[in-house]
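The following exercises concern the contact between two domains of one chain. Each task is followed by a solution in steps.

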Amino acid sequence: MGRTLQNTMINLGLQNACDEAVYQLGLDMEELEEIEEDAGLGNGGLGRLAACFLDSMATLGLAAYGYGIRYEYGIFNQKIRDGWQVEEADDWLRHGNPWEKARPEYMLPVHFYGRVEHSASGAKWIDTQVVLALPYDTPVPGYMNNTVNTMRLWSARAPNDFNLRDFNVGDYIQAVLDRNLAENISRVLYPNDNFFEGKELRLKQEYFVVAATLQDIIRRFKASKFGSTDSVRTVFDSFPDQVAIQLNDTHPAMAIPELMRIFVDIEKLPWDKAWDITKRTFAYTNHTVLPEALERWPVDLVEKLLPRHLQIIYEINQRHLDHIASLFPNDVDRLRRMSLIEEGDTKRINMAHLCIVGSHAVNGVAKIHSEIVKTQVFEDFAALEPEKFQNKTNGITPRRWLLLCNPGLAELIAEKIGEDYVRDLSQLTKLHEFVDDDLFIREVAKVKQENKVKFALYLEKEYKVKINPSSMFDVHVKRIHEYKRQLMNCLHIITMYNRIRRDPAKLFVPRTVIIGGKAAPGYHMAKMIIKLINAVAQVVNNDPMVGSKLKVIFLENYRVSLAEKVIPATDLSEQISTAGTEASGTGNMKFMLNGALTIGTMDGANVEMAEEAGEENLFIFGMRVEDVTELDRKGYNAQFYYDRLPELKQAVDQIKSGFFSPKDPNLFNDVVNMLFHHDRFKVFADYEAYVKCQEKVSELYLNSKAWTKMVIRNIAAAGKFSSDRTIKEYARDIWHVEPSDLKIPPPNEPRDAGQDKTPNGTAA
């Protein structure tokens with residue numbers, strides 16, 4: 001979520017008043033804002049997307065709740081020591097959190113372990129361990145519409161009789177100390193991005209958020225006029241018309257068997273009725289196609305932790321496979337491919353398959369990704385129910401990612417086209433009229449220059465390096481992962497360095513290359529990549545032959561509040577994943593909206609950015625998905641590129657020989673070995689096209705006016721990438737609710753009697 005103070009002031013229309021009031025107290029608002037900790041309760045893009053969605057849902061007047069875990073420790077703080085990443089605990093609650101309100105009156109029990117007893121009256125899950133879920137509510141204000149939604153985060157608490165009701169009468173002290181075991185569930189965020197780690201505590205976290213949330217939703221449904229009870233029992237027929245639940249990846253997939261358990265075991269609904277309601281309630285968003293990221297939980301672990309849920313999953317699977325067998329008799333291979341249970345050394349539950357079978361809608365997050373989902377990853381399922389599969393291209397909130405982080409540009413745009421674009425970003429197309437307006441061109445360039453100077457001062461303060469603010473700011477910020485190919489950027493840096501040294505007199509367009517992002521603590525290769533970048537920076541930044549022509553900076557502890565500083569100052573945005581690996585990306589959209597040009601592959605949302613702005617207004621290079629597929633078919637041979645490209649050979653040899661690590665010449669052996677022998681992401685195959693494309697970038701940067709005109713064309717084409725547009729599509733195609741642009745009256749004005757009645761609508 002990042003910081004909340006400035007976002008709240010902007011959405012409430014109070015920023016100027018607050019700035020003035022604080023100024024009159026002799027304080028500086030910006031200094032105050034810098035004191036707030038980031039709420040870093042997720043990894044990379046998936047968590048940030050949820051945050052943008054909450055802002056858009058409130059702005060569109062949807063009755064929506066965001067549910068998650070109130071981690072005591074969020075994503076680790078990254079320190080760079082001697083070029084290596086070192087993790088520190090993110091104790092973000094140390095000074096308290098003024099934005100949250102604990103709601104102990106809504107505390108709920110969550111059960112683990114135990115066993116299942118079957119009887120005539122149905123299944124009973126008994127002898128369980130109970131953990132309490134304590135909700136904390138954070139307000140989510142819409143933009144200037146007097147709407148405030150809720151983000152409800154659950155914290156784990158041990159019940160007061162924890163470990164005291166059983167046999168250990170004697171050890172009272174130990175029993176109280178053991179409360180920590182229950183409360184560890186919400187202690188810390190698992191820091192993996194795009195990687196599945198099948199740990200018991202992680203599964204506990206996933207079930208914890210799901211069980212508490214579903215009880216909360218059902219409590220709210222029963223309290224509403226829709227949860228009408230005929231004498232004793234609630235009638236759930238209208239449940240899917242009143243409730244929509246969107247599964248953000250497979251991490252909350254246990255919600256599907258949990259809702260079935262509630263309906264069948266507790267509410268005593270017949271299976272078929274319960275399953276119909278469940279399917280119509282859930283929809284699933286897929287966020288990655290990397291096989292190592294797909295959740296596949298061992299059956300043994302689920303059986304131990306959630307025995308009743310395993311039985312329900314087996315029953316779902318049985319009925320699912322019976323259905324497929326009836327359509328495709330004797331096709332055992334299809335049954336194996338489509339089963340929720342994977343046989344092997346250890347039997348596993350494929351959570352994505354569970355989500356697809358248990359949902360009425362499945363979507364990818366960019367056109368190209370949704371196609372890959374349909375035709376490759378889940379092709380059997382798409383063949384069965386093509387109407388279930390959709391696309392919903394990701395977006396970003398223009399409140400945080402333009403108004404808040406780039407007020408200069410936001411104001412400049414408002415002067416030209418009015419202020420309405422903030423709620424309807426498609427209006428940015430009106431900027432096309434000013435693409436040849438010399439004054440506007442100069443003003444856009446001036447805002448960028450001011451942002452760069454400000455960020456250069458920040459860098460000099462934090463990193464003690466002198467930055468040339470007229471150099472091209474070439475920025476690559478995102479989680480560190482092999483598929484995102486920070487290594488390819490690194491090879492380009494080394495190539496530029498070698499060119500400067502080879503011919504120091506030759507004209508060179510000065511660059512400041514900024515790379516930032518966190519590596520999962522257990523991801524050895526990603527940590528080696530960080531070390532390599534820092535080792536290269538050490539050499540480049542201290543070579544007198546290079547001077548101010550080339551500087552390399554690794555941005556420490558990349559997070560939302562740092563993104564808000566670096567993105568408005570960026571000239572060139574690096575979006576260079578291997579085609580077919582980045583589901584969407586959202587950083588790409590933030591840079592586009594803030595006046596950077598993109599160098600990128602035809603991957604994720606880059607494809608649609610090129611479609612909107614015109615491919616000639618992005619620097620697109622490298623293999624397309626078809627080329628990657630073809631290269632896989634032929635067999636990728638890294639050596640071939642190394643032998644054929646002298647500059648690539650030189651750069652790789654320098655890494656290999658210890659040119660960048662003289663004290664330990666073998667330091668980067670693992671990296672070089674990977675690049676030659678098991679590079680799944682084919683860095684060498686795109687190197688030549690990348691370097692040539694970078695030459696075109698430098699050439700255009702020399703012509704400031706032509707560069708800025710291209711920038712304006714990009715900003716004018718960025719409207720599609722508002723999360724408001726994304727959420728309208730979810731609302732229309734999946735949740736079946738109508739967004740409202742009504743500004744409800746503020747609390748200090750009396751409300752009309754007519755406005756008191758809530759229209760019949762769904763809560764998402």
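A polar contact is a pair of N or O atoms within 3.5 Å, of which, within protein, one must be able to donate a hydrogen and the other to accept it. The model examined here is predicted.

**Exercise 1.** State which domains the chain contains and how far apart their centres are.

*Solution.* The domain assignment gives domain 1 as 37–223 + 232–391 and domain 2 as 447–717. Taken over C-alpha atoms, their centres are separated by 36 Å. To the contact, domain 1 contributes 32 residues and domain 2 contributes 38 residues.

**Exercise 2.** Determine the area buried between domain 1 and domain 2, and name the three residues that supply most on the side of domain 1.

*Solution.* The two domains bury about 2800 Å² between them. Carbon and sulfur atoms account for 55% of that area. Within the area that domain 1 buries against domain 2, Gln78, Trp84 and Ile368 supply 21%, more than any other three residues.

**Exercise 3.** Describe the polar and charged links between the domains, then the composition of the side of domain 1 that touches domain 2.

*Solution.* Between domain 1 and domain 2 there are 18 residue pairs in polar contact, both residues being at pLDDT 80 or more. The salt bridges between these domains number 3. In the side of domain 1 that touches domain 2, at least two residues each come from helix H4 (44–59), strand E2 (77–81), strand E3 (84–88) and helix H15 (367–377). By class, the residues of this side are 13 nonpolar, 11 polar and 8 charged.

**Exercise 4.** Which side chain meets glutamate 292 in a salt bridge?

*Solution.* The partner is arginine 680, at 2.9 Å from N to O. This distance satisfies the salt-bridge cut-off, within 4 Å.

Terms used:
Residues numbered from 1 in each chain as written. Predicted model: local features only at pLDDT ≥ 70, side-chain atom pairs only at ≥ 80, totals over all residues. Heavy atoms only, no water. Domains from an automatic or database assignment. Contact = heavy atoms within 4.5 Å. Buried area = accessible area lost by both parts, 1.4 Å probe. Polar contact = N/O pair within 3.5 Å; in protein donor to acceptor, adjacent residues only side chain to side chain. Helix = DSSP H or I, 4+ residues; strand = E, 2+ residues; numbered from the N terminus. Nonpolar A, V, L, I, M, F, W, Y, C, P; charged D, E, K, R; others polar.
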